[in-house]
Amino acid sequence: MSRRKIGFWYRLAAVIAKPLLITFFQRDWRGTENIPAEGGFIVAVNHNSYLDPLSYAHYQYNTGRVPRFLAKNSLFGSGFVGAVMRGTGQIPVYRESTDAVGAFRAAVDAVGRGECVAFYPEGTLTRDPDLWPMEGKTGAARVALLTKAPVIPVAQWGAHEAVPPYATSRRVRLFPRKTLRVQAGPPVDLDRFYGQEPTSEVLRAVTDAIMDAVTAQLADLRGEPAPAERYNPRKAAARAKRRAGLRSGAGPARPDAGSARSDAGAARSDAGPARSDAGAARPQTAAGGPAAPATEGENA
C-alpha cells in the first residue's frame, strides 16, 4: 500500500482541533510541494513548543499525508487513550528493548507500508537558549538507513510565542493571534551512507546531516543565520558544573575560550523565546488539521 487512508479517528481529531486552530492562530506554510504524494517517508522536525505536534500535524494534514508520531508503547494499552493511539495509527516505540533496531521496528514497518513517520530527532524540547535545534538522537537515522526512504526536513517557528518551551499555564499567551510557521525542505541526500555498516560513527554522521538540513530550513524561516556550533545539553551542563566548581574553589572562573557559544543558563530550561520573528507572516487560508498525540519524549 503506497498511501494510507486518513481514517475515522484522524478525521474526528481534525473536526475537534480545526475550529480551535483557525480561531487562535494564523498560518504561514511553505514547502508543501516537498511532501511526497506517494510511498513511505520520514519527516524530521525541530521541537521548541508543546504546541509543535498540533502545528505540524495541521500543516501536513492539508497535504493528504497524515503523520504517524512515535510514542511510548505503554500508551497503546486498553482504555480510551489506547484506542485513540491505535485508531490514529500512531507508532509504538519499544524503549525496553535491548535491541536498538528492535525499538523502532514498528516505525520501519510503517514506512514499508507507505506511511509518513514523524521524528523529533532532538528527543525533547530544545534547551538551546535561542531555540535552535540541539544535537539529535539516532532513531531517525536508523530507520532511514534500514528503509532508504526519503527524509524530509521540516522547521517550525512561532508556536513558542504562544506556548513557550517548559512553560506553565500562566505563560501561555494566545492573544494577539500568533502565526504558526512551518516549512518543509527537499529530501536529505543520504545516498553516500547506504550500504555502510550502521556503526555509531555512521549513525552520528547521518543524524548530523539530517539536523543540518532541519537547521537550514529553520534559518530560512527565521531569516537569520544559525549558530556555527549545535547545542549539546550534556556538554553545556558539564561546563557549567566545572565553572561552578572553579568559582567555589579558586575564585571566578575564566570564560572557556574554546566554546563557540556562551553557555550562560545552560543548566536551566528556557521559559520563553529569545526573540520574536522579524518577518510578517503571510496568513494561510487553508484549513483543517488533526489533534496530534503526545510525542515520544526520547527518540533514542
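How many helices and strands does the protein have? In this predicted model, the protein contains eight helices and seven strands. Of its 300 residues, 48% count as buried. Among the contacts with a separation of 6 or more, 78% are accounted for by residues 24 or more positions apart. The accessible surface comes to about 13,900 Å², and 55% of this surface belongs to carbon and sulfur atoms.

The confidence of the prediction was examined next. The average pLDDT of the protein is 82, and 78% of the residues score at least 70. Over residues 255-260, however, the pLDDT is below 50; this stretch has seven contacts in the model beyond near neighbours in sequence. Residues 262-300 likewise have a pLDDT that stays under 50, and the model has 120 contacts for them beyond four places in sequence.

The interior of the protein was then described through its nonpolar cores. The largest nonpolar core has 30 residues, and those with the most contacts inside it are Phe104, Val117, Phe119, Leu190 and Val206. Two or more residues of this core are given by each of β2, β4 (91-93), α4, β5, α5 and α7. The element that gives the most is α7, with seven residues. Another core, of 21 residues, lies apart from the largest one and includes Ala14, Trp29, Phe41 and Val43.

Helix α5, one of the elements that give residues to the largest core, spans residues 139-147. Its buried residues are Gly139, Ala140, Ala141, Val143, Ala144 and Leu145. These buried residues pack against two helices, α4 (105-112) and α7 (200-222), and against the strands β2 (41-45), β5 (116-119) and β6 (151-157). Just after α5, lysine 148 takes a positive phi of about 55°.

Helix α2 is largely enclosed by the rest of the structure, because nine of its ten residues are buried. The buried residues are Asp52, Pro53, Ser55, Tyr56, Ala57, His58, Tyr59, Gln60 and Tyr61.

Aromatic rings were considered across the whole structure. A pair of aromatic rings is described by the distance of the centres and the angle of the planes. The search finds seven aromatic pairs. In one of them, the ring centres of phenylalanine 8 and tryptophan 9 are 5.7 Å apart and the planes stand at 75°; since edge-to-face pairs have planes over 60 degrees apart, this pair is therefore edge-to-face. Phenylalanine 8 is exposed, with a relative accessible area of 58%, whereas tryptophan 9 is partly exposed, at 27%. A second pair is formed by tyrosine 56 and phenylalanine 69, whose ring centres are 6.0 Å apart and whose planes are at 90°, so this pair is also edge-to-face. Tyrosine 56 lies in helix α2 (residues 52-61) and phenylalanine 69 in strand β3 (residues 67-72), so the pair ties together parts that are 13 residues apart in sequence. Both partners are buried: tyrosine 56 has a relative accessible area of 0%, and phenylalanine 69 has one of 1%. Ring pairs also link Phe8, Trp9 and Phe80 into a cluster.

Arginine 222 is placed over aromatic rings as well. This arginine lies over the face of tryptophan 132, at 3.9 Å from the ring centre. The charged end of arginine 222 also sits over the ring of tryptophan 157, 4.0 Å from its centre.

Conventions:
Residues numbered from 1 in each chain as written. Predicted model: local features only at pLDDT ≥ 70, side-chain atom pairs only at ≥ 80, totals over all residues. Heavy atoms only, no water. Buried < 20%, exposed > 50% of the residue type's maximum accessible area, 1.4 Å probe, protein only. Helix = DSSP H or I, 4+ residues; strand = E, 2+ residues; numbered from the N terminus. Contact = heavy atoms within 4.5 Å. Core = buried A, V, L, I, M, F, W, Y, C linked by side-chain atoms within 4.5 Å. Phe/Tyr/Trp six-rings, centres within 6.5 Å; stacked < 30°, edge-to-face > 60°. Lys NZ or Arg CZ within 6 Å of the ring centre and 35° of its normal. pLDDT = per-residue confidence, 0-100. Areas by Shrake-Rupley, 256 points an atom, 1.4 Å probe, with all protein chains shown as cover.
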